[in-house]
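Biologist: I should like to go through this model with you, one question at a time. Please reason briefly before giving each answer.

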Amino acid sequence: MTLFIDLTLNGLTYGLIYAAVALGLVLIWRATRVINFAQGALATLTTYVAATLLDRSLNYWVAFAVALAAGLIFGALTERVFMRPLYGKPELNPVVVTIGLLILVESVAGAIWGSTDRGLTPAFSQLGLTVGHTYLDFSSFDIFILVSVLVLMGLMLVLFRWTSLGLKMRASAFAPEVARLLGVRVGRLLTVGWALATFAGALAGVLVAPLLLLSPNMMDPVLVYGFAAAVLGGLDSPVGALVGGVLTGLGISYIGGYLGSSMETVGAAVLLVVVLSIRPEGLFAAAKARRV
Amino acid sequence: MPPPEAKRAVNRSAASLEVDAVTVSFGGLSVLDEVSFSASSGEVLGVIGPNGAGKTTVFNVVCGFVRPSSGRIVWRGRELRHQRPYQLAHLGIARTLQGVGLIAGLSAVENVMVGAEPIARTGVLSGLLGLPRSAGEERRLRARSLEALERLGVAEFAEQHPRALPYPVQKKIAIARALVAGPELVLMDEPASGLSSGEIAELGRLLTSLRGEMGVLIVEHNMDLVMATCDRIVVLDFGKVIAAGTPAEVQANPAVTEAYLGASVESESAGA
(Lines give C-alpha, C1' and ligand atoms only; values in the text may rest on other atoms or scores of the structure.)
Protein backbone atom coordinates (compact mmCIF):
# COMPACT_ATOMS: atom_id res chain seq x y z
CA MET A 1 0.00 0.00 0.00
CA THR A 2 2.82 2.38 0.89
CA LEU A 3 4.42 1.58 -2.46
CA PHE A 4 1.18 2.46 -4.24
CA ILE A 5 0.89 5.77 -2.39
CA ASP A 6 4.52 6.63 -3.12
CA LEU A 7 4.13 5.74 -6.78
CA THR A 8 0.96 7.82 -7.01
CA LEU A 9 2.55 10.88 -5.41
CA ASN A 10 5.66 10.47 -7.51
CA GLY A 11 3.60 10.03 -10.66
CA LEU A 12 1.60 13.13 -9.81
CA THR A 13 4.76 15.21 -9.36
CA TYR A 14 6.29 14.13 -12.67
CA GLY A 15 2.88 14.25 -14.30
CA LEU A 16 2.49 17.95 -13.52
CA ILE A 17 5.91 18.65 -14.98
CA TYR A 18 4.88 16.78 -18.13
CA ALA A 19 1.68 18.81 -18.06
CA ALA A 20 3.66 22.07 -18.11
CA VAL A 21 5.69 20.81 -21.08
CA ALA A 22 2.50 19.60 -22.77
CA LEU A 23 0.88 22.99 -22.20
CA GLY A 24 3.76 24.66 -24.00
CA LEU A 25 3.39 22.28 -26.93
CA VAL A 26 -0.39 22.75 -27.03
CA LEU A 27 -0.21 26.56 -27.00
CA ILE A 28 2.06 26.54 -30.02
CA TRP A 29 0.22 23.79 -31.85
CA ARG A 30 -3.10 25.58 -31.42
CA ALA A 31 -1.80 28.87 -32.70
CA THR A 32 0.55 27.78 -35.45
CA ARG A 33 0.13 24.04 -36.13
CA VAL A 34 3.76 23.48 -35.30
CA ILE A 35 5.15 20.88 -32.91
CA ASN A 36 7.94 22.74 -31.20
CA PHE A 37 10.66 20.14 -30.75
CA ALA A 38 12.98 22.86 -29.44
CA GLN A 39 10.75 23.39 -26.40
CA GLY A 40 12.82 21.10 -24.18
CA ALA A 41 16.14 22.49 -25.34
CA LEU A 42 15.00 26.06 -24.68
CA ALA A 43 13.90 24.99 -21.20
CA THR A 44 17.34 23.48 -20.59
CA LEU A 45 18.87 26.79 -21.59
CA THR A 46 16.71 28.78 -19.17
CA THR A 47 17.51 26.27 -16.42
CA TYR A 48 21.24 26.79 -17.03
CA VAL A 49 20.60 30.51 -16.67
CA ALA A 50 19.06 29.82 -13.26
CA ALA A 51 21.92 27.49 -12.31
CA THR A 52 24.51 30.13 -13.24
CA LEU A 53 22.77 32.71 -11.07
CA LEU A 54 22.57 30.23 -8.18
CA ASP A 55 26.31 29.55 -8.59
CA ARG A 56 26.86 33.28 -8.10
CA SER A 57 24.93 32.70 -4.85
CA LEU A 58 21.96 34.78 -5.84
CA ASN A 59 18.68 34.21 -4.09
CA TYR A 60 16.73 31.18 -5.39
CA TRP A 61 13.67 33.24 -6.21
CA VAL A 62 15.69 35.74 -8.23
CA ALA A 63 17.15 32.87 -10.26
CA PHE A 64 13.69 31.32 -10.60
CA ALA A 65 12.14 34.57 -11.85
CA VAL A 66 15.02 35.26 -14.25
CA ALA A 67 14.72 31.75 -15.72
CA LEU A 68 11.00 32.23 -16.34
CA ALA A 69 11.57 35.69 -17.83
CA ALA A 70 14.29 34.19 -20.04
CA GLY A 71 11.68 31.67 -21.18
CA LEU A 72 9.39 34.49 -22.30
CA ILE A 73 12.23 36.20 -24.15
CA PHE A 74 13.63 33.07 -25.82
CA GLY A 75 10.13 32.08 -26.92
CA ALA A 76 9.41 35.48 -28.43
CA LEU A 77 12.78 35.51 -30.17
CA THR A 78 12.28 32.02 -31.58
CA GLU A 79 8.98 33.05 -33.09
CA ARG A 80 10.27 36.31 -34.47
CA VAL A 81 13.60 35.11 -35.83
CA PHE A 82 13.06 31.49 -36.85
CA MET A 83 9.33 30.99 -37.32
CA ARG A 84 8.10 34.26 -38.80
CA PRO A 85 9.75 33.71 -42.21
CA LEU A 86 8.20 30.25 -42.52
CA TYR A 87 4.46 31.01 -42.32
CA GLY A 88 2.67 30.06 -45.49
CA LYS A 89 5.43 27.65 -46.43
CA PRO A 90 4.89 23.86 -46.38
CA GLU A 91 3.80 22.69 -42.93
CA LEU A 92 6.87 20.53 -42.42
CA ASN A 93 9.36 23.40 -42.72
CA PRO A 94 8.87 24.97 -39.28
CA VAL A 95 8.91 21.52 -37.67
CA VAL A 96 12.25 20.75 -39.28
CA VAL A 97 13.52 24.13 -38.11
CA THR A 98 12.51 23.39 -34.51
CA ILE A 99 14.42 20.10 -34.67
CA GLY A 100 17.45 22.01 -35.97
CA LEU A 101 16.99 24.50 -33.16
CA LEU A 102 16.87 21.65 -30.63
CA ILE A 103 20.28 20.43 -31.78
CA LEU A 104 21.69 23.96 -31.99
CA VAL A 105 20.54 25.03 -28.53
CA GLU A 106 21.74 21.83 -26.88
CA SER A 107 25.16 22.20 -28.50
CA VAL A 108 25.40 25.82 -27.44
CA ALA A 109 24.46 24.85 -23.87
CA GLY A 110 27.11 22.13 -23.96
CA ALA A 111 29.71 24.57 -25.28
CA ILE A 112 28.99 27.13 -22.58
CA TRP A 113 28.33 24.98 -19.54
CA GLY A 114 30.00 21.68 -20.44
CA SER A 115 28.23 18.40 -20.96
CA THR A 116 28.79 16.87 -17.54
CA ASP A 117 25.76 16.45 -15.32
CA ARG A 118 25.37 18.85 -12.46
CA GLY A 119 22.84 19.36 -9.70
CA LEU A 120 20.53 22.29 -9.15
CA THR A 121 19.78 23.33 -5.60
CA PRO A 122 16.03 23.14 -5.09
CA ALA A 123 13.97 25.78 -3.30
CA PHE A 124 12.78 23.42 -0.61
CA SER A 125 13.96 20.22 1.01
CA GLN A 126 13.83 17.11 -1.12
CA LEU A 127 13.62 14.86 1.93
CA GLY A 128 10.45 12.80 2.14
CA LEU A 129 7.81 13.95 4.56
CA THR A 130 6.52 11.87 7.43
CA VAL A 131 2.77 11.82 7.93
CA GLY A 132 1.90 10.25 11.29
CA HIS A 133 4.37 7.41 11.39
CA THR A 134 4.49 6.79 7.67
CA TYR A 135 7.45 8.02 5.68
CA LEU A 136 6.33 9.21 2.26
CA ASP A 137 8.44 9.52 -0.85
CA PHE A 138 7.04 13.03 -1.21
CA SER A 139 8.97 16.15 -0.22
CA SER A 140 8.29 19.84 0.33
CA PHE A 141 9.87 20.44 -3.06
CA ASP A 142 7.35 18.06 -4.63
CA ILE A 143 4.59 20.12 -3.06
CA PHE A 144 6.20 23.22 -4.56
CA ILE A 145 6.13 21.51 -7.96
CA LEU A 146 2.42 20.71 -7.62
CA VAL A 147 1.55 24.20 -6.49
CA SER A 148 3.57 26.06 -9.09
CA VAL A 149 2.30 24.02 -12.05
CA LEU A 150 -1.29 24.38 -10.83
CA VAL A 151 -0.76 28.13 -10.44
CA LEU A 152 0.62 28.24 -13.99
CA MET A 153 -2.41 26.34 -15.28
CA GLY A 154 -4.74 28.63 -13.33
CA LEU A 155 -3.09 31.78 -14.70
CA MET A 156 -3.29 30.45 -18.24
CA LEU A 157 -6.95 29.61 -17.73
CA VAL A 158 -7.69 33.12 -16.47
CA LEU A 159 -5.69 34.64 -19.30
CA PHE A 160 -7.46 32.67 -22.02
CA ARG A 161 -10.98 32.67 -20.58
CA TRP A 162 -11.32 36.07 -18.97
CA THR A 163 -9.02 38.61 -20.57
CA SER A 164 -9.33 40.33 -23.91
CA LEU A 165 -5.74 39.37 -24.70
CA GLY A 166 -6.65 35.72 -24.26
CA LEU A 167 -9.77 36.21 -26.34
CA LYS A 168 -7.71 37.66 -29.17
CA MET A 169 -5.25 34.79 -28.89
CA ARG A 170 -8.07 32.27 -29.15
CA ALA A 171 -9.59 34.14 -32.08
CA SER A 172 -6.22 34.21 -33.86
CA ALA A 173 -5.69 30.52 -33.24
CA PHE A 174 -9.14 29.48 -34.47
CA ALA A 175 -9.45 31.81 -37.45
CA PRO A 176 -6.40 33.99 -38.14
CA GLU A 177 -7.82 35.50 -41.34
CA VAL A 178 -11.09 36.57 -39.76
CA ALA A 179 -9.26 37.89 -36.70
CA ARG A 180 -7.01 40.02 -38.93
CA LEU A 181 -10.03 41.37 -40.71
CA LEU A 182 -11.47 42.47 -37.39
CA GLY A 183 -8.33 44.43 -36.62
CA VAL A 184 -6.41 41.92 -34.52
CA ARG A 185 -2.64 41.97 -35.00
CA VAL A 186 -2.32 38.22 -35.32
CA GLY A 187 1.44 38.24 -35.82
CA ARG A 188 2.03 39.98 -32.52
CA LEU A 189 -0.18 37.48 -30.72
CA LEU A 190 1.77 34.60 -32.19
CA THR A 191 4.86 36.08 -30.60
CA VAL A 192 3.03 36.26 -27.27
CA GLY A 193 1.87 32.66 -27.70
CA TRP A 194 5.42 31.41 -28.25
CA ALA A 195 6.64 33.45 -25.31
CA LEU A 196 4.01 31.94 -23.01
CA ALA A 197 4.68 28.43 -24.27
CA THR A 198 8.39 28.73 -23.63
CA PHE A 199 7.59 30.24 -20.24
CA ALA A 200 5.69 27.04 -19.36
CA GLY A 201 8.65 24.99 -20.58
CA ALA A 202 11.07 27.08 -18.52
CA LEU A 203 9.00 26.38 -15.41
CA ALA A 204 9.14 22.66 -16.16
CA GLY A 205 12.92 22.95 -16.58
CA VAL A 206 13.67 24.56 -13.22
CA LEU A 207 11.26 22.17 -11.50
CA VAL A 208 12.61 19.00 -13.02
CA ALA A 209 16.33 19.82 -12.78
CA PRO A 210 16.63 18.98 -9.04
CA LEU A 211 14.89 15.63 -9.69
CA LEU A 212 17.04 14.70 -12.65
CA LEU A 213 20.49 16.13 -13.20
CA LEU A 214 21.10 19.23 -15.26
CA SER A 215 22.82 18.45 -18.54
CA PRO A 216 22.38 19.81 -22.08
CA ASN A 217 19.96 17.04 -22.99
CA MET A 218 18.20 16.80 -19.65
CA MET A 219 14.86 17.72 -21.20
CA ASP A 220 14.91 15.17 -24.04
CA PRO A 221 13.03 12.42 -22.19
CA VAL A 222 10.83 15.01 -20.47
CA LEU A 223 9.86 16.40 -23.87
CA VAL A 224 8.97 12.91 -25.11
CA TYR A 225 6.68 12.31 -22.13
CA GLY A 226 5.30 15.84 -22.40
CA PHE A 227 4.55 15.17 -26.05
CA ALA A 228 2.78 11.94 -25.11
CA ALA A 229 0.78 13.93 -22.55
CA ALA A 230 -0.15 16.58 -25.10
CA VAL A 231 -1.26 13.97 -27.63
CA LEU A 232 -3.28 12.15 -24.97
CA GLY A 233 -5.01 15.40 -24.19
CA GLY A 234 -5.78 16.01 -27.84
CA LEU A 235 -3.01 18.55 -28.65
CA ASP A 236 -5.64 21.28 -28.85
CA SER A 237 -6.71 21.64 -25.27
CA PRO A 238 -4.87 23.17 -22.29
CA VAL A 239 -7.11 21.18 -19.92
CA GLY A 240 -6.24 18.11 -21.95
CA ALA A 241 -2.55 18.91 -21.40
CA LEU A 242 -3.10 18.89 -17.63
CA VAL A 243 -5.08 15.65 -17.59
CA GLY A 244 -2.79 14.04 -20.17
CA GLY A 245 0.25 15.05 -18.12
CA VAL A 246 -1.10 13.57 -14.89
CA LEU A 247 -2.20 10.35 -16.64
CA THR A 248 1.20 9.98 -18.30
CA GLY A 249 3.01 10.65 -15.04
CA LEU A 250 0.91 8.17 -13.10
CA GLY A 251 1.08 5.53 -15.83
CA ILE A 252 4.85 5.72 -16.09
CA SER A 253 5.25 5.73 -12.33
CA TYR A 254 3.12 2.58 -11.88
CA ILE A 255 4.83 0.81 -14.76
CA GLY A 256 8.28 1.74 -13.40
CA GLY A 257 7.34 0.77 -9.86
CA TYR A 258 5.63 -2.53 -10.55
CA LEU A 259 7.36 -3.71 -13.70
CA GLY A 260 10.81 -2.20 -13.30
CA SER A 261 12.19 1.12 -14.46
CA SER A 262 13.44 -0.33 -17.74
CA MET A 263 9.78 -0.70 -18.77
CA GLU A 264 9.00 3.02 -18.37
CA THR A 265 9.71 4.13 -21.95
CA VAL A 266 8.06 1.04 -23.39
CA GLY A 267 5.08 1.68 -21.15
CA ALA A 268 4.74 5.28 -22.33
CA ALA A 269 4.81 4.13 -25.95
CA VAL A 270 2.19 1.42 -25.30
CA LEU A 271 -0.03 3.91 -23.46
CA LEU A 272 0.16 6.29 -26.39
CA VAL A 273 -0.59 3.59 -28.97
CA VAL A 274 -3.56 2.27 -26.98
CA VAL A 275 -5.12 5.70 -26.43
CA LEU A 276 -4.58 6.78 -30.02
CA SER A 277 -6.15 3.61 -31.39
CA ILE A 278 -9.22 4.06 -29.20
CA ARG A 279 -9.50 7.84 -29.56
CA PRO A 280 -7.30 9.01 -32.44
CA GLU A 281 -8.15 12.66 -31.78
CA GLY A 282 -6.97 12.41 -28.17
CA LEU A 283 -9.05 12.60 -25.04
CA PHE A 284 -9.95 16.29 -25.10
CA ALA A 285 -9.74 17.49 -28.70
CA ALA A 286 -12.30 20.19 -29.42
CA ALA A 287 -12.61 19.65 -33.13
CA LYS A 288 -11.99 16.51 -35.11
CA ALA A 289 -9.45 16.47 -37.90
CA ARG A 290 -9.10 20.19 -38.46
CA ARG A 291 -6.90 21.00 -41.41
CA VAL A 292 -5.50 24.42 -42.04
CA MET B 1 -0.31 52.70 -31.92
CA PRO B 2 -2.17 55.97 -31.28
CA PRO B 3 -5.67 55.60 -29.83
CA PRO B 4 -8.33 55.20 -32.53
CA GLU B 5 -10.06 58.40 -31.41
CA ALA B 6 -7.03 60.39 -32.53
CA LYS B 7 -7.07 58.84 -35.95
CA ARG B 8 -10.80 59.35 -36.31
CA ALA B 9 -10.53 63.10 -35.94
CA VAL B 10 -8.88 63.76 -39.30
CA ASN B 11 -10.68 65.31 -42.21
CA ARG B 12 -14.31 64.37 -42.25
CA SER B 13 -15.13 65.38 -45.79
CA ALA B 14 -18.43 64.66 -47.46
CA ALA B 15 -17.08 61.94 -49.71
CA SER B 16 -15.36 59.70 -47.20
CA LEU B 17 -14.54 56.84 -49.54
CA GLU B 18 -13.45 57.46 -53.08
CA VAL B 19 -12.84 54.78 -55.61
CA ASP B 20 -10.90 56.58 -58.29
CA ALA B 21 -10.47 55.06 -61.77
CA VAL B 22 -9.70 51.63 -60.40
CA THR B 23 -8.68 49.00 -62.90
CA VAL B 24 -8.05 45.40 -61.92
CA SER B 25 -6.84 42.87 -64.41
CA PHE B 26 -5.86 39.29 -63.92
CA GLY B 27 -3.52 38.08 -66.65
CA GLY B 28 -4.77 40.43 -69.37
CA LEU B 29 -8.43 39.96 -68.48
CA SER B 30 -9.72 43.15 -67.00
CA VAL B 31 -12.20 42.54 -64.22
CA LEU B 32 -12.66 46.19 -63.35
CA ASP B 33 -12.16 48.91 -65.90
CA GLU B 34 -11.65 52.46 -64.64
CA VAL B 35 -14.32 52.13 -61.97
CA SER B 36 -14.98 55.36 -60.07
CA PHE B 37 -17.56 56.19 -57.43
CA SER B 38 -17.62 57.67 -54.00
CA ALA B 39 -19.47 56.99 -50.79
CA SER B 40 -20.37 59.86 -48.52
CA SER B 41 -20.36 59.41 -44.81
CA GLY B 42 -23.76 58.53 -43.49
CA GLU B 43 -25.28 57.27 -46.72
CA VAL B 44 -26.17 53.78 -47.79
CA LEU B 45 -24.55 53.01 -51.10
CA GLY B 46 -25.30 49.90 -53.11
CA VAL B 47 -23.08 48.32 -55.71
CA ILE B 48 -25.09 46.04 -57.96
CA GLY B 49 -24.70 44.26 -61.22
CA PRO B 50 -25.35 40.93 -62.92
CA ASN B 51 -23.21 37.92 -62.05
CA GLY B 52 -19.60 38.39 -63.01
CA ALA B 53 -19.93 42.17 -63.19
CA GLY B 54 -17.08 42.65 -60.73
CA LYS B 55 -19.02 43.40 -57.55
CA THR B 56 -16.96 41.18 -55.30
CA THR B 57 -13.77 42.52 -56.86
CA VAL B 58 -14.86 46.04 -55.91
CA PHE B 59 -15.34 44.82 -52.36
CA ASN B 60 -11.96 43.12 -52.33
CA VAL B 61 -10.17 46.15 -53.73
CA VAL B 62 -11.62 48.41 -51.06
CA CYS B 63 -10.65 45.83 -48.41
CA GLY B 64 -7.13 45.64 -49.74
CA PHE B 65 -7.38 41.94 -50.59
CA VAL B 66 -6.87 42.76 -54.26
CA ARG B 67 -4.44 45.42 -55.36
CA PRO B 68 -5.66 47.50 -58.30
CA SER B 69 -3.54 47.52 -61.44
CA SER B 70 -4.16 51.25 -61.60
CA GLY B 71 -6.31 53.81 -59.84
CA ARG B 72 -6.64 54.74 -56.19
CA ILE B 73 -8.79 54.11 -53.16
CA VAL B 74 -8.99 57.23 -51.03
CA TRP B 75 -10.35 57.13 -47.50
CA ARG B 76 -10.98 60.49 -45.84
CA GLY B 77 -8.55 62.28 -48.08
CA ARG B 78 -5.78 59.77 -47.68
CA GLU B 79 -4.88 57.11 -50.19
CA LEU B 80 -5.14 53.56 -48.91
CA ARG B 81 -2.06 51.74 -50.04
CA HIS B 82 -0.06 48.87 -48.67
CA GLN B 83 -2.28 48.72 -45.63
CA ARG B 84 -2.16 45.41 -43.83
CA PRO B 85 -5.43 43.53 -43.42
CA TYR B 86 -5.70 44.32 -39.70
CA GLN B 87 -5.25 48.06 -40.21
CA LEU B 88 -8.48 48.76 -42.05
CA ALA B 89 -10.56 48.11 -38.93
CA HIS B 90 -8.43 50.62 -37.04
CA LEU B 91 -9.11 53.22 -39.73
CA GLY B 92 -12.84 52.97 -39.03
CA ILE B 93 -13.79 50.58 -41.83
CA ALA B 94 -15.57 47.39 -40.79
CA ARG B 95 -16.59 44.48 -42.97
CA THR B 96 -19.02 41.63 -43.05
CA LEU B 97 -18.21 38.69 -45.23
CA GLN B 98 -20.15 36.73 -47.76
CA GLY B 99 -21.42 33.81 -45.76
CA VAL B 100 -20.93 34.57 -42.12
CA GLY B 101 -17.32 34.25 -40.99
CA LEU B 102 -18.02 33.83 -37.29
CA ILE B 103 -15.24 32.16 -35.34
CA ALA B 104 -16.41 28.68 -34.44
CA GLY B 105 -14.52 28.25 -31.20
CA LEU B 106 -15.87 31.44 -29.61
CA SER B 107 -19.29 32.25 -28.19
CA ALA B 108 -21.46 34.86 -29.89
CA VAL B 109 -20.54 37.64 -27.49
CA GLU B 110 -16.85 36.72 -27.70
CA ASN B 111 -17.04 36.97 -31.48
CA VAL B 112 -18.43 40.47 -31.12
CA MET B 113 -15.78 41.34 -28.55
CA VAL B 114 -13.05 40.45 -31.04
CA GLY B 115 -14.73 42.93 -33.37
CA ALA B 116 -14.37 45.55 -30.65
CA GLU B 117 -10.58 45.29 -30.94
CA PRO B 118 -10.21 48.70 -32.64
CA ILE B 119 -11.67 50.42 -29.56
CA ALA B 120 -9.85 48.27 -27.00
CA ARG B 121 -7.44 50.19 -24.83
CA THR B 122 -5.27 47.47 -23.37
CA GLY B 123 -1.92 46.44 -24.66
CA VAL B 124 -0.26 43.09 -24.59
CA LEU B 125 1.78 43.88 -21.51
CA SER B 126 -1.03 45.04 -19.25
CA GLY B 127 -3.12 42.11 -20.46
CA LEU B 128 -0.34 39.70 -19.55
CA LEU B 129 0.21 41.20 -16.15
CA GLY B 130 -3.54 41.13 -15.56
CA LEU B 131 -3.61 44.72 -14.44
CA PRO B 132 -6.91 45.92 -13.00
CA ARG B 133 -7.30 48.19 -15.98
CA SER B 134 -7.36 45.15 -18.20
CA ALA B 135 -10.23 43.63 -16.22
CA GLY B 136 -12.20 46.87 -16.36
CA GLU B 137 -11.56 47.11 -20.08
CA GLU B 138 -12.76 43.56 -20.51
CA ARG B 139 -16.06 44.47 -18.80
CA ARG B 140 -16.43 47.59 -20.93
CA LEU B 141 -15.93 45.64 -24.17
CA ARG B 142 -18.32 42.92 -23.06
CA ALA B 143 -21.00 45.50 -22.22
CA ARG B 144 -20.57 47.18 -25.62
CA SER B 145 -20.72 43.84 -27.34
CA LEU B 146 -23.93 42.90 -25.54
CA GLU B 147 -25.40 46.25 -26.58
CA ALA B 148 -24.51 45.52 -30.19
CA LEU B 149 -26.17 42.10 -29.97
CA GLU B 150 -29.16 43.73 -28.31
CA ARG B 151 -29.49 46.19 -31.16
CA LEU B 152 -29.64 43.31 -33.61
CA GLY B 153 -32.15 41.54 -31.38
CA VAL B 154 -29.94 38.52 -30.70
CA ALA B 155 -28.70 39.25 -27.18
CA GLU B 156 -30.36 36.08 -25.89
CA PHE B 157 -27.84 34.01 -27.87
CA ALA B 158 -24.81 35.81 -26.39
CA GLU B 159 -23.32 32.84 -24.59
CA GLN B 160 -24.05 30.28 -27.29
CA HIS B 161 -21.65 29.00 -29.88
CA PRO B 162 -22.47 30.19 -33.37
CA ARG B 163 -22.36 26.79 -35.04
CA ALA B 164 -25.44 25.68 -33.12
CA LEU B 165 -27.48 28.76 -34.10
CA PRO B 166 -29.80 29.26 -37.08
CA TYR B 167 -28.24 30.97 -40.08
CA PRO B 168 -30.15 34.27 -39.81
CA VAL B 169 -29.09 34.58 -36.16
CA GLN B 170 -25.47 33.95 -37.13
CA LYS B 171 -25.78 36.64 -39.74
CA LYS B 172 -27.06 39.14 -37.18
CA ILE B 173 -24.20 38.29 -34.83
CA ALA B 174 -21.78 38.93 -37.67
CA ILE B 175 -23.40 42.33 -38.32
CA ALA B 176 -23.27 43.15 -34.60
CA ARG B 177 -19.56 42.31 -34.72
CA ALA B 178 -19.05 44.72 -37.61
CA LEU B 179 -20.94 47.52 -35.83
CA VAL B 180 -19.59 47.16 -32.30
CA ALA B 181 -16.54 49.36 -32.75
CA GLY B 182 -18.67 52.19 -34.13
CA PRO B 183 -17.05 52.27 -37.57
CA GLU B 184 -17.48 55.13 -39.99
CA LEU B 185 -18.01 52.81 -42.91
CA VAL B 186 -19.31 49.28 -43.04
CA LEU B 187 -18.70 47.18 -46.09
CA MET B 188 -21.15 44.33 -46.52
CA ASP B 189 -20.65 41.61 -49.08
CA GLU B 190 -24.06 40.19 -50.07
CA PRO B 191 -25.75 40.68 -46.72
CA ALA B 192 -29.06 39.33 -48.02
CA SER B 193 -27.75 35.98 -49.24
CA GLY B 194 -29.40 33.05 -47.53
CA LEU B 195 -32.11 35.14 -45.87
CA SER B 196 -35.87 34.82 -46.35
CA SER B 197 -37.83 37.79 -47.69
CA GLY B 198 -39.06 38.64 -44.20
CA GLU B 199 -35.50 38.62 -42.90
CA ILE B 200 -34.36 40.73 -45.84
CA ALA B 201 -36.99 43.32 -44.96
CA GLU B 202 -35.70 43.33 -41.40
CA LEU B 203 -32.13 43.76 -42.67
CA GLY B 204 -33.36 46.67 -44.77
CA ARG B 205 -34.80 48.37 -41.68
CA LEU B 206 -31.50 47.90 -39.90
CA LEU B 207 -29.53 49.42 -42.79
CA THR B 208 -31.93 52.34 -42.88
CA SER B 209 -31.42 52.87 -39.16
CA LEU B 210 -27.66 53.07 -39.71
CA ARG B 211 -28.08 55.97 -42.14
CA GLY B 212 -26.53 59.10 -40.68
CA GLU B 213 -24.65 57.13 -38.08
CA MET B 214 -22.16 55.54 -40.46
CA GLY B 215 -21.64 54.99 -44.14
CA VAL B 216 -22.76 51.65 -45.50
CA LEU B 217 -21.54 50.13 -48.73
CA ILE B 218 -23.36 47.00 -49.74
CA VAL B 219 -22.41 44.77 -52.62
CA GLU B 220 -25.57 42.87 -53.36
CA HIS B 221 -27.69 41.30 -56.04
CA ASN B 222 -30.95 41.25 -54.18
CA MET B 223 -32.83 44.08 -55.95
CA ASP B 224 -35.57 44.43 -53.35
CA LEU B 225 -33.07 45.18 -50.60
CA VAL B 226 -31.00 47.57 -52.69
CA MET B 227 -33.95 49.49 -54.10
CA ALA B 228 -35.61 49.80 -50.70
CA THR B 229 -32.63 50.89 -48.64
CA CYS B 230 -29.91 52.53 -50.71
CA ASP B 231 -29.56 56.27 -51.06
CA ARG B 232 -27.53 55.80 -54.18
CA ILE B 233 -26.70 52.87 -56.39
CA VAL B 234 -23.73 52.14 -58.61
CA VAL B 235 -24.43 49.62 -61.36
CA LEU B 236 -21.59 47.56 -62.74
CA ASP B 237 -21.60 45.45 -65.85
CA PHE B 238 -18.57 43.67 -67.26
CA GLY B 239 -16.32 45.61 -64.93
CA LYS B 240 -17.58 49.05 -65.91
CA VAL B 241 -19.86 51.50 -64.21
CA ILE B 242 -22.86 51.70 -66.49
CA ALA B 243 -25.12 53.77 -64.27
CA ALA B 244 -25.16 55.58 -60.95
CA GLY B 245 -27.79 57.51 -59.06
CA THR B 246 -30.82 57.19 -56.85
CA PRO B 247 -32.83 53.96 -57.01
CA ALA B 248 -35.45 55.68 -59.14
CA GLU B 249 -32.86 57.02 -61.60
CA VAL B 250 -31.16 53.69 -61.88
CA GLN B 251 -34.42 51.85 -62.43
CA ALA B 252 -35.32 54.24 -65.23
CA ASN B 253 -31.96 53.85 -66.93
CA PRO B 254 -32.25 51.76 -70.11
CA ALA B 255 -28.61 50.61 -69.87
CA VAL B 256 -29.42 48.94 -66.56
CA THR B 257 -32.45 47.15 -67.91
CA GLU B 258 -30.40 45.97 -70.83
CA ALA B 259 -27.62 44.66 -68.61
CA TYR B 260 -30.04 42.75 -66.44
CA LEU B 261 -32.19 41.40 -69.20
CA GLY B 262 -29.05 40.45 -71.10
CA ALA B 263 -30.09 42.14 -74.35
CA SER B 264 -27.49 42.88 -76.95
CA VAL B 265 -25.05 40.38 -78.41
CA GLU B 266 -22.27 42.98 -78.78
CA SER B 267 -21.90 43.76 -75.10
CA GLU B 268 -21.67 40.07 -74.25
CA SER B 269 -18.94 39.35 -76.73
CA ALA B 270 -17.13 42.52 -75.66
CA GLY B 271 -16.90 41.31 -72.11
CA ALA B 272 -15.85 37.75 -72.91
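Biologist: Which residues are buried in α7(B)?

Modeller: The model is predicted. A residue counts as buried if 20 or more other C-beta atoms lie within 10 Å of its own. By that criterion, ten of the 13 residues of α7(B) are buried, so this helix is largely enclosed by the rest of the structure. The buried residues are B:Gln170, B:Lys171, B:Lys172, B:Ile173, B:Ala174, B:Ile175, B:Ala176, B:Arg177, B:Ala178 and B:Leu179.

Biologist: What distance does helix α7 of chain B reach from its first C-alpha to its last?

Modeller: The helix covers residues 167-179 and has 13 residues. At 1.5 Å a residue, 18 Å is expected. The computed value is close to this, at 19 Å.

Biologist: What percentage of the residues in chain B is buried?

Modeller: Chain B contains twelve helices and ten strands. Of its contacts between residues at least 6 apart in sequence, 69% join residues at least 24 apart. Of the 272 residues in chain B, the buried share is 44%.

Biologist: How many residues does domain 2 of chain B give to its contact with domain 1?

Modeller: Chain B is divided into domain 1 (13-92 + 186-272) and domain 2 (99-182). Domain 1 gives six residues to the contact between them, and by class these are three nonpolar, two polar and one charged. The number from domain 2 is eight.

Biologist: Which elements of chain B give two or more residues to the side that touches chain A?

Modeller: The contact between the chains takes 21 residues from chain A and 26 residues from chain B. On the side of chain B, the residues divide into 13 nonpolar, eight polar and five charged. The elements of chain B that give two or more residues there are α3 (87-90), α4 (108-115), α5 (124-129) and α6 (132-151).

Biologist: Which helix gives the most to the largest nonpolar core?

Modeller: This core has 167 residues, and those with the most contacts inside it are A:Ile17, A:Ala19 and A:Ala20. Both domain 1 and domain 2 of chain B give residues to the core, so it lies between them. With 16 residues, the helix that gives the most is α8 (residues 186-208) of chain A.

Biologist: Which residues does A:Ala20 touch, leaving aside those up to four places away in sequence?

Modeller: A:Ala20 is among the residues with the most contacts inside the largest nonpolar core. Contact here requires C-beta atoms within 7 Å. The residues that A:Ala20 touches are A:Val149, A:Leu152, A:Ala200, A:Leu203 and A:Ala204.

Technical notes
Residues are numbered from 1 along each chain as its sequence is written. Chains are lettered from A and ligands numbered from 1 in the order in which they are written. This is a predicted model: local features need pLDDT of at least 70, side-chain atom pairs count only at pLDDT 80 or more; totals for chains, interfaces and linings use all residues. Two residues are in contact if their C-beta atoms, placed from the backbone, lie within 7 Å. Helices (H or I, at least four residues) and strands (E, at least two) are DSSP runs, numbered from the N terminus. Ala, Val, Leu, Ile, Met, Phe, Trp, Tyr, Cys and Pro count as nonpolar, Asp, Glu, Lys and Arg as charged, and the others, Gly among them, as polar. A nonpolar core is a set of buried Ala, Val, Leu, Ile, Met, Phe, Trp, Tyr and Cys residues joined through C-beta atoms within 7 Å. A residue is buried if 20 or more other C-beta atoms lie within 10 Å of its own, exposed if 12 or fewer, and partly exposed in between; C-beta atoms are placed from the backbone. Domain bounds come from an automatic or database domain assignment. The expected span of a helix is 1.5 Å times one less than its number of residues.
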